[in-house]
Amino acid sequence: MKYISISNNQAVSLDSIPELPYEEFLESNVGMLTDSPERHCVNYFGFWTGVYSSGGPVEDQYDENKNRKEYSENVKLICCIADDKTHQIYVSSATVAPEVVYESFTARNHNFEKYEREMHEAFGIQYNNHPWLKPVRYSHDRAGKAETIENYPFFGADSHELHEVGVGPIHAGIIEPGHFRFICNGEQIMHLEIQLGYQHRGIEQLFLQKKKLAELTTLAENIAGDTTVGHTIAFVNLWESLCGYRPGRSLHFSRTLALELERIAIHTGDMSAVCADIGYQLGNSVYGRLRTPIINFLQEWGGNRLAKGLIRAGRTNFPFSRKLGARLASILDEFELDFNEMTSKFFKLPSALSRLEKTGVVTYGQVLEIGTVGMAARMSGLNRDIRSSHPFNLFGEGFTHEPVIKHHGDVYARVRLRRDEIHQSIGYIRKMIADIPEFTEVAGVKLNPQRNMFILSLVEGWRGEICHCAITDNEGSLGLYKIKDPSFHNWMALAQAVRNNGISDFPICNKSFNLSYCGHDL
């Protein structure tokens, strides 16, 4: 058997994951993606075999200088391939020695490019035929300590005709740190290299060090500030399944509702930002204002505008009531009235449309090759939406989700996709609040993770596919916690989008994706 087949949020014994010789591991996983657009790699990571199998306290895995102790010379790789048609995830593994040079997955399929860079950075694994094994995040326990962010090897062009433009890492506004290196011919962008890693927080290691469930949940809430709901749902769904707990419908209801409210709020704010970048002040003001009642409702419901504290494993402190349902219905009535009027003006304004259409195009072939996920895939005709492909919470039970797909891959497609998803989410919420389940608190819930297990949790956040993976040790503690924000895949799509565009189009291209810096710099 080359792989084990699991469903979203299904915990399995770590020992049940087949371990293959590396060459067979490569052929199996790359082969599954060949001519199969319905499949993509949702996670691919490694860990020191000795660190996990030691089973000792996590703090013992580090020396007094906070460097990882060398428990083993080998690294275990786990690759997870999702199949959107069968709704299954195929998981396989291989054990490698960092001093051996291995053939690169990336040479056969670009989906694996950043995963292999990450493992080279963390463990020093060398790959043949990888385009460029550059560092990804500069974690404190990386293998190559000589590689620092100060000497990052940017791609350069030795030419009298071309010039370089560097932007960041200090941002002039409110966005987080990242460096963008443009190679331009006059005003035309020929190449963009995006380097992040300026704020590595070691958040995956913190998941191993924190022992209290409340601390772990708070960590999940702070993985990416604009995706509090998405990442928290991924964590609590994972944790409950890892503990063998099946939540009732009221918990599924509240999580699904919060996720769609977050989607409406962020999409509306992004439409405001796109309007700002093309100098359309009316759209900037109205869409910006419309985001406020949505996030204010989250505060009415759970006491925080970003929904922190709202979602907890096995319980909720803020049951959704019929009174809240009536209040939300009135907010959506007012929202829709103004949103529709503003959208009607925006999408009929020639000067606005001329800035959006055919700007920042990414083709279907490019998003498929990169492995792009979420709305950055759907804008080019690639159907990637976890709500339909690997359903969770109420998706697949309460209602069947039909992904919004666009085909032109430009800024206009990304804005229209947001508009349509806002309408779709409002429709879902109206259907949900017409049938609010009674909340019944379950007494005596014990959430103790099973021992020596592997689990993977997928959630479709507003930006796209969120993936959390966990492995428990022989005491039931977290031995590994691996997080993947959709931005991990999608930053490359932005680099592709700006090619052959004027450099003045970069802000609107960037905002139309609105990718996460902190979600990448874990």
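**Exercise 1. Describe the surroundings of E103.**

Solution. Step 1: E103 belongs to strand β6 (residues 101-103); helices (H or I, at least four residues) and strands (E, at least two) are DSSP runs, numbered from the N terminus. The model is predicted, so local features need pLDDT of at least 70 and side-chain atom pairs count only at pLDDT 80 or more, while totals for chains, interfaces and linings use all residues. Residues are numbered from 1 along each chain as its sequence is written, and side-chain values use heavy atoms, with hydrogens and water left out.

Step 2: E103 has a relative accessible area of 31% and is therefore partly exposed. Buried means under 20% relative accessible area, exposed over 50%, and partly exposed in between (1.4 Å probe, protein chains only).

Step 3: Not counting residues up to four places away in sequence, E103 touches Y22, E23, L26, Y127, N128 and N129; contact means heavy atoms within 4.5 Å. One of these residues is E23. E103 and E23 are 80 residues apart in sequence, and their C-alpha atoms are 7.9 Å apart in space.

**Exercise 2. Work out the order and pairing of the sheet that contains β9.**

Solution. Step 1: The sheet is open and has three strands in the order β8-β9-β10, with antiparallel pairing. Two strands pair if DSSP finds at least two bridges between them. The edge strands, β8 (163-167) and β10 (188-195), each pair on one side only.

Step 2: Strand β9 (residues 179-185) is joined to β10 by seven bridges. H179 stands opposite Q195 in β10, and N185 has Q188 of β10 as its bridge partner.

Step 3: β9 and β10 form a hairpin with two residues between them, and G186 in the turn has a positive phi of about 65°. In β10, six of the eight residues are buried.

**Exercise 3. Find the edge strands of the sheet of four strands.**

Solution. Step 1: This open sheet has the order β1-β5-β4-β3, with antiparallel pairing. Because β1 (4-6) and β3 (39-48) each have a single partner strand, they stand at the edges, and one side of each is left without a neighbour in the sheet.

Step 2: Nine bridges connect β3 with strand β4 (residues 75-83), and the two run antiparallel. Within this pair, C41 stands opposite I81 in β4.

**Exercise 4. Compare the expected and actual spans of α7 and α14, and state how far each helix is buried.**

Solution. Step 1: The expected span of a helix is 1.5 Å times one less than its number of residues. Helix α7 (residues 249-277) has 29 residues and reaches 42 Å from its first C-alpha to its last, close to the 42 Å expected. Helix α14 (residues 411-433) has 23 residues and should span 33 Å; its end C-alpha atoms are 33 Å apart, which agrees.

Step 2: In α7, 26 of the 29 residues are buried, so the helix is largely enclosed by the rest of the structure. In α14, 19 of the 23 residues are buried, so this helix too is largely enclosed.

Step 3: After α7 comes G279, with a positive phi near 75°.

**Exercise 5. Which residues of α5 and α6 meet?**

Solution. L213, L216, T217, A220 and E221 in α5 meet T228, H231, T232, F235 and W239 in α6.
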